[in-house]
Structures are given as structure tokens and as C-alpha cells.
Amino acid sequence: MFGIETLSGNAQAAVLVGIVLLEALVLYVGYGGLETWLGPRFRRVLEGRCAVLDALFMRCQATENGGVDR
Amino acid sequence: MMELFGVSATLLATFTGFGLLIGILFGFFGMGGSFLVTPALLVMGYEPNVAVGSGLAFVFGTSVIATLKHRDLGQVDYKLGVLMIAGTTAGIEVGKLGLEYLQHIGLAGSVVSVAYVLLLGGIGAFVTREALKGGDDDGGLEHDVDEDADLEDADIPDIAQKIQSYRIPPMMSLRGGFKVSLWMILAVAFATGLLSGFLGVGGGFIRMPALFYLIGVPVPVAVGTDLFEIVFSGGIGSFLYAQSGAVDLSIVVPLLAGSALGARLGAAATSLVEEDDIKVYFGVMLLLGAIAVAIREVGNAIQMPVLDTVSLVIILGAALLVSGAVSYSAVRELREEAEPATSPAAD
């Protein structure tokens, strides 16, 4: 996978661990951003206050706190 | 069949889905997800060293993400962490050598499986017993970030007080204002490293209670230090296994992608659902995991491949059942919370 099979021994091991570390950092940042962006809408869908399609197209009503998502 | 990076899309989707289930469990209970991975890979027919190596790499990635959550809370004792890393590294190396020797004489699969059955069964029985007993003592320690934790209020368990009373020099001062012998710390670290290298588990679910019960480290510091240490032990363990090509990225990458998302969902659910309500399911899930590995071993012994499938179904079913119970309870609580707020608005 990712064409690293041609490397050998320590180099391959270091690249493998580096890939897992990089993925973890990307996932931490990426999912963190997604949570901030989609979290409140996802929560309103789960609460039954908004339909999935409405949430996707940002057509949900403002929340009772004046529209502040968080 | 569709492929991505030379790997079947179905396999990638399966691992991502499995990772999601494990992530929900890890995010919610703060423990337990990682030691379902290696048995599942064993049941799926991967070689023991690939199952263990890939399990370690998965633990490494998961602990990086979890440690990032703790970094600003000051809940890491770096001196203790470095000592734990030294002891654990030696333990992992010995555990890995032991596993390779067992593989050489053809006993690795059986021994790793039996060890898993005992470990999962033992912890599962303990958690289930504590959950059924009820009360405030939840039978385990949490990995969750606890921002309100007060280190000064920590009670030191009796065993830890006893161990702290052994003053074999050099003595180390640790966070929480107490001293412990360097040798005691290294012994605990070595023992947990041995399990990590041998079984492919991060060792956190053993090391963190060990830090608290044996050394007397306050729980919040034990949690943060444990996570900090798992990053290194998982990374070193992954590296050692990767040297012999035993880390399979087609397993680790999708598992991690799913579990990182699941961990966020599970962590969000902790603020909605009472952990004690679900804990009994968790204990049962561990017991089912132990039964699944035992069934696979019996299948191998009596040459009945169908038992492998039964075993895999039990493992996936158990993870699905418990993460489903967590998700269902969280959504139900969300809706109950939302009702009082939405009713007046409907007028």
C-alpha cells in the first residue's frame, strides 16, 4: 500500500510509523474542524428539530439562543 | 471488484466501520477498544505477528489523538512518563522476542489466543461484576479528560501506600507530592511493556490502574501520563514490528479513520448517557470477545472452519451491540433534553 514496499528494513518501518502519525494528526485537525462546522447541525437532526436535507442545505431554524450554533 | 491503493474497497469499508464501532467504545468508556482489534484480526485469518503489529500501530495512532486532548490540562508527569517509556521499551522487546520464538515453534497463535481469552475474560468478569453490584465504584478507571480533577484530593490506595513505603534508593519525586522507588516504577513499566509486545495491546488498561493502585499516582495524572507513554510505547512497538513487515497499512489506515470519528461521537455521548447504565454491556462485550477467541481455537483444534465465522460474528456483533446501545441511549437523551425547549416554541 502507498508503494512503500520497495523500501527495506528501518526505512520502511520509519515511513510506516510516520504515515500513522501523520494520519492521526490530520484526523485530529480534520474531524475537529468538521465537528465545529457540522456538529451543531448534526445535533439538531438527532434532536428531531431539523430534517437531514434541511440541515445539509442550512435551512434549519435558528436555535433558541439567538442562532448561535454552539 | 473496486480497489483503492490496491486494497479491496469492501475490506477498507469493513475496517472503517469496525474502527467506528471501536472508536465509539473507546470515546465513551475511555478504555477497551484496542484489545478487540488483535483478536478480530486473528479471527479474520491474519498471521499473529501482523495482527499484533497492526494492533500496536492502531493503538499508537489512537493514543496520539487522545494525548492531544490532554496536552493543555497539565495532567502529564513527564519524568514518570520517561521512566515508564524506558521500562516499557525493554518489556516490549522481550515480549516481541517471546512471540517470535513461539511463532518459530508454531505455538504463537494458540498462546496469544489463550492469553487473550484469559485477559478479556478476566477483565470482562470483573467489569460485569462491578456493574451488577452498582454503586459509585464503576470498576475501572477512565481515560476521559477531566478538567475539574483536583490532584490534592486523591486518595492513595493501600497497596500503593505499601509500595511507597519501600524506600529502595534512588527515590523519585512525582506529581501529587510523594516519592516512589525508581525500581518499583521500572518493574511496573517492564511488566506492562511485556504484555504490549506479546499481545499487541497498548497496555493502558493495565498500566493506568497499575499507576494508580500500585504506585499511587493521582488518577488524572495517571491518565495523562499513561496516554503520553502509550504514544511512545505504541510507536516503538509499531516500529519494531514494521521492521519485519508486520504492520499492514491497509488495516491500520481505515481502522484509525473510523475510530477517530467514533471516538468523538463516543466522547460526546459521555455527557448525555450515564456510564453505569451501559457498563454491564461493556463487561458482557469483553466476555463475548473471550468466548469468540476460545471458539476459534476450538475450531482450529477440531478442524471446523465454520467456527471461525461464528467467532468473527460474535466479536463484530458484540461491538455493534454495545456501540449501538451507547448511540441509542445518547440520541434518546438528546431528544428528551430537547423536548422541554421545543414544546413552548410550538405554541
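This tour moves through a predicted model one selection at a time, from chain B to chain A and then to the place where they touch.

**Chain B as a whole**

Begin by selecting chain B and colouring it by secondary structure, which comes to twelve helices and four strands. Of its 347 residues, 53% count as buried. If you then display contacts within chain B, looking at those between residues at least 6 apart in sequence, 80% of them join residues at least 24 apart.

**Helix α4 of chain B**

Next select residues 78-104 of chain B, the stretch that makes up helix α4 and that includes Glu93(B). Four residues of this helix are worth a stop, and they are taken here in turn.

Start with Thr88(B), which is found in helix α4 and which counts as buried because its relative accessibility is 0%, well inside the cut-off of under 20%. Show its side chain together with that of Glu229(B), and you will find the two joined by a polar contact of 2.8 Å. Widening the selection to everything in contact with Thr88(B), apart from neighbours within four places in sequence, brings in Glu229(B) again, along with Ala189(B), Phe190(B), Thr192(B), Gly193(B), Arg207(B) and Ser233(B).

Move along the helix to Glu93(B), which is partly exposed, with a relative accessible area of 30%. To see how the fold brings separated parts of the sequence into one view, select Ser196(B) as well: the two residues are 103 apart in sequence, while their C-alpha atoms are 9.4 Å apart in space.

Now select Lys96(B) and Glu100(B), whose side chains meet in a salt bridge with an N to O distance of 3.3 Å. Both residues lie in helix α4, four residues apart, which is about one turn of the helix. Which of these two partners is buried, and which is partly exposed? Lys96(B) is the buried one, with a relative accessible area of 9%, whereas Glu100(B), at 33%, is partly exposed.

**The helix of chain A**

Turn to chain A and select residues 12-34, which an unreviewed UniProt entry annotates as a "transmembrane region". In the model this stretch is 100% helix and 0% strand, and a distance drawn between its end C-alpha atoms comes to 32 Å.

**Where chain A and chain B touch**

Finally, show both chains and select the residues that lie in contact across them: 29 residues of chain A and 34 residues of chain B. The area buried between the two chains is about 2,700 Å², and carbon and sulfur atoms give 75% of it. Four residue pairs across this interface are found in polar contact. On the side of chain A that touches chain B there are 18 nonpolar, five polar and six charged residues.

How many salt bridges cross the interface? There is one, and over all chains the count comes to two. To see the crossing pair, select Glu35(A) and Arg264(B), whose closest N and O atoms are 2.6 Å apart. Glu35(A) lies in helix α1 (residues 9-46) of chain A and Arg264(B) in helix α10 (residues 249-270) of chain B, so the pair joins two chains. With a surface display switched on, you can check each partner in turn: Glu35(A) is partly exposed, with a relative accessible area of 37%, and Arg264(B) is also partly exposed, with a relative accessible area of 24%.

Notes: Residues are numbered from 1 along each chain as its sequence is written. Chains are lettered from A and ligands numbered from 1 in the order in which they are written. This is a predicted model: local features need pLDDT of at least 70, side-chain atom pairs count only at pLDDT 80 or more; totals for chains, interfaces and linings use all residues. Side-chain values use heavy atoms; hydrogens and water are left out. Contact means heavy atoms within 4.5 Å. Buried area is the accessible area (1.4 Å probe) that two parts lose on being put together, summed over both. A salt bridge is a side-chain nitrogen of Lys or Arg within 4 Å of a carboxyl oxygen of Asp or Glu. A polar contact is a pair of N or O atoms within 3.5 Å; within protein, one must be able to donate a hydrogen and the other to accept it, and residues adjacent in sequence count only if both atoms are side-chain atoms. Ala, Val, Leu, Ile, Met, Phe, Trp, Tyr, Cys and Pro count as nonpolar, Asp, Glu, Lys and Arg as charged, and the others, Gly among them, as polar. UniProt positions are given in the numbering used here, feature names are shortened, and annotations may be inferred rather than shown by experiment. Buried means under 20% relative accessible area, exposed over 50%, partly exposed in between (1.4 Å probe, protein chains only).
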